[in-house]
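Here are a few exercises to work through with the model open in your viewer. Try each task before you read its solution.

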Amino acid sequence: MSNLRFALLCAAALCLGSSSVYGEDLLSAYEQAYRTDPALAEARAQLQATLQDKPAARAALLPHLGLGASVGYNTGSFSGFAGLNLSKAYLSDSYSVTLTQSVFDGQSYVALRQADSRVQAQMAALLYTEQQLALRVATAYFKVLEAQSQERIAERQRRLLESIYKQTEAALKVGTGDIIAVREAGARLDAAQSDLIRARNAVSVAKRGLERLTHTPVGELEDLRSFTAEGPKPDNMDAWVQAAIHDQPLMHEAEAQLHTAQEEVQYQQRARWPKVDLQGIAQHVHGNPFPGFNQNQAGVSLNLSMPIYEGGSISSGVQKAEALSVAQVDHVGSVRDRVRLDTQTAFLNLKDSVAQLSSAKAAVASAKISLEGTRKGYEVGTRSIIDLLQTATDYIRAEQDYNVALYNQVLARVQLKAAAGQLDLADLRAVNGLLRGSADSTGIQEGAHGTAAADRKSATMGG
């Protein structure tokens with residue numbers, strides 16, 4: 001996935017001087033979303049902040065150098081020294097340099113390992129956010145295309161029912177029809193008008209969903225080519241599940257968080273350990289009741305500190321860390337179950353989408369033949385207007401179902417790769433190659449009713 005991030009950063013740099021309206025294909029939509037998505041920007045910032053945990057933890061093991069200075073006003077009485085009896089006020093000042101080097105600090109070494117685990121968890125979180133953004137953009141993009149296609153079907157439905165309505169009116173005028181048929185056809189036509197309004201509204205809603213991700217107006221999007229539906233490759237659910245458990249960033253994040261929690265137990269336990277520091281100090285003191293007397297000194301010391309009793313805070317910290325570690329073990333198990341179920345569901349959806357698309361295609365062909373036969377039967381008087389209106393409705397419904405199956409087949413490919421944690425730029429390019437305006441049009445196979453080209457990059461273990 002690092003390749004995806006690098007490639008899109010390069011693309012973003014090339015596009016900075018371009019128009020605010022992105023290109024008309026899936027890749028350009030994702031590039032725009034990649035530059036402007038606030039969730040992705042937040043994940044990047046979180047990673048940058050987490051990266052500072054490691055130098056902060058390392059600092060406890062490195063030398064600490066400090067400067068000190070003070071100025072003071074003093075009064076004192078002195079007696080018994082060389083027969084003196086002195087009472088005097090005087091100014092004093094001192095300067096010091098202190099160097100401290102940790103020799104042994106068990107907690108600091110654990111904190112350094114914890115920083116590594118937190119960085120790994122945040123990197124996995126960023127990777128997951130990138131993959132989810134790719135999935136969200138692909139979903140929103142094809143939802144717009146599906147809504148637009150449904151709008152065109154609704155318009156065809158209106159025209160079809162309008163022609164039937166006019167046909168019934170004409171039959172009534174010449175005395176071969178009846179008013180009931182006209183009213184029935186009119187009612188169906190009114191329902192079709194309502195369906196068309198809903199379809200147009202669905203297009204607007206879908207466009208708003210894509211604009212929310214790209215933060216730019218939606219132009220004329222490239223639609224799908226013809227294609228042959230393909231199922232998961234390899235066609236083995238267990239292989240996909242194992243790959244998902246190995247590759248899914250959610251699993252990597254949960255496992256890194258588990259390591260952090262386990263190391264926190266050690267961190268709290270080592271609060272009982274002794275600490276050893278090597279300290280050197282150089283100091284100059286000027287100002288005392290004896291004129292002309294200055295003090296300069298330097299020294300090195302090896303300091304040992306060890307807690308004996310802290311009011312029970314150390315035991316409490318250890319018990320809390322142990323409980324949180326157990327909770328994190330359960331969290332890893334929960335994430336594993338989620339990843340397994342998501343992958344199994346996506347695998348079955350992709351596998352079923354092939355049969356659904358084939359079935360929907362056959363249903364459209366059958367419904368069209370039935371409509372043509374019923375229309376001819378109505379014209380010769382062997383079929384009623386109710387029969388004609390019903391077959392017309394069945395034909396439109398079959399087209400709508402095919403439309404849903406068409407875009408679901410493409411989206412199911414992306415969803416399986418995302419569930420397995422393997423979605424990358426190559427997968428988006430493969431899907432983008434299914435669009436009519438894509439330059440990558442080699443190997444296009446003819447499907448039916450405006451479907452798209454076969455996927456060039458089959459789903460393989462390890463992405």
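Where is the place of His-215? It is in the loop between H6 and H7.

Before going on, some ground rules: this is a predicted model, where local features need pLDDT of at least 70, side-chain atom pairs count only at pLDDT 80 or more, and totals for chains, interfaces and linings use all residues. Residues are numbered from 1 along each chain as its sequence is written, and side-chain values use heavy atoms, with hydrogens and water left out.

**Exercise 1. Take stock of the chain.**

Step 1: count the elements. You should get 11 helices and four strands (DSSP runs numbered from the N terminus, H or I of at least four residues for helices, E of at least two for strands).

Step 2: check burial. Of the 463 residues, 41% count as buried (under 20% relative accessible area; exposed is over 50%, partly exposed is in between, with a 1.4 Å probe and protein chains only).

Step 3: look at contacts, meaning heavy atoms within 4.5 Å. Among those between residues at least 6 apart in sequence, 82% join residues at least 24 apart.

**Exercise 2. Inspect the loops around H2, H3, H6 and H7.**

Step 1: start with the backbone of His-215. Its phi is positive, about 60°, although the residue is not a glycine. His-215 is partly exposed, at 43% relative accessible area.

Step 2: move to Pro-234, also placed in the loop between H6 and helix H7 (237-247). A cis peptide bond joins Lys-233 to Pro-234, with omega at about 0°.

Step 3: find Asp-37, in the loop between H2 and H3. Asp-37 is buried, because its relative accessibility is 4%. Leaving aside residues up to four places away in sequence, Asp-37 touches Leu-133, Arg-136 and His-215. Asp-37 and Thr-214 sit 177 residues apart in sequence, yet 7.3 Å apart in space, C-alpha to C-alpha.

**Exercise 3. Map the nonpolar cores.**

Step 1: a core here is a set of buried Ala, Val, Leu, Ile, Met, Phe, Trp, Tyr and Cys residues joined through side-chain atoms within 4.5 Å. In the largest one, with 64 residues, those touching the most other members are Leu-26, Val-137, Tyr-141, Phe-142, Ile-164 and Leu-224.

Step 2: which element gives the most to this core? That's H5, with 16 residues.

Step 3: zoom in on Val-137. Apart from residues up to four places away in sequence, Val-137 touches Leu-26, Ala-29, Tyr-30, Ala-33, Leu-210 and Leu-213.

Step 4: look for a second, separate core. This one has 19 residues, including Trp-240, Ile-245, Leu-258 and Leu-350.

**Exercise 4. Track down the aromatic pairs.**

Step 1: rings of Phe, Tyr and Trp (its six-membered ring) pair if their centres lie within 6.5 Å; planes under 30 degrees apart are stacked, over 60 edge-to-face, and the rest tilted. The structure holds four pairs.

Step 2: take Phe-142 and Tyr-407, a tilted pair with 6.4 Å centre to centre and 40° between the planes. Phe-142 lies in helix H5 and Tyr-407 in helix H10, so the pair ties together parts that are 265 residues apart in sequence.

Step 3: buried or exposed? Phe-142 is buried, with a relative accessible area of 1%, and Tyr-407 is buried with 1% too.

Step 4: add Tyr-141, which forms one aromatic cluster with Phe-142 and Tyr-407.
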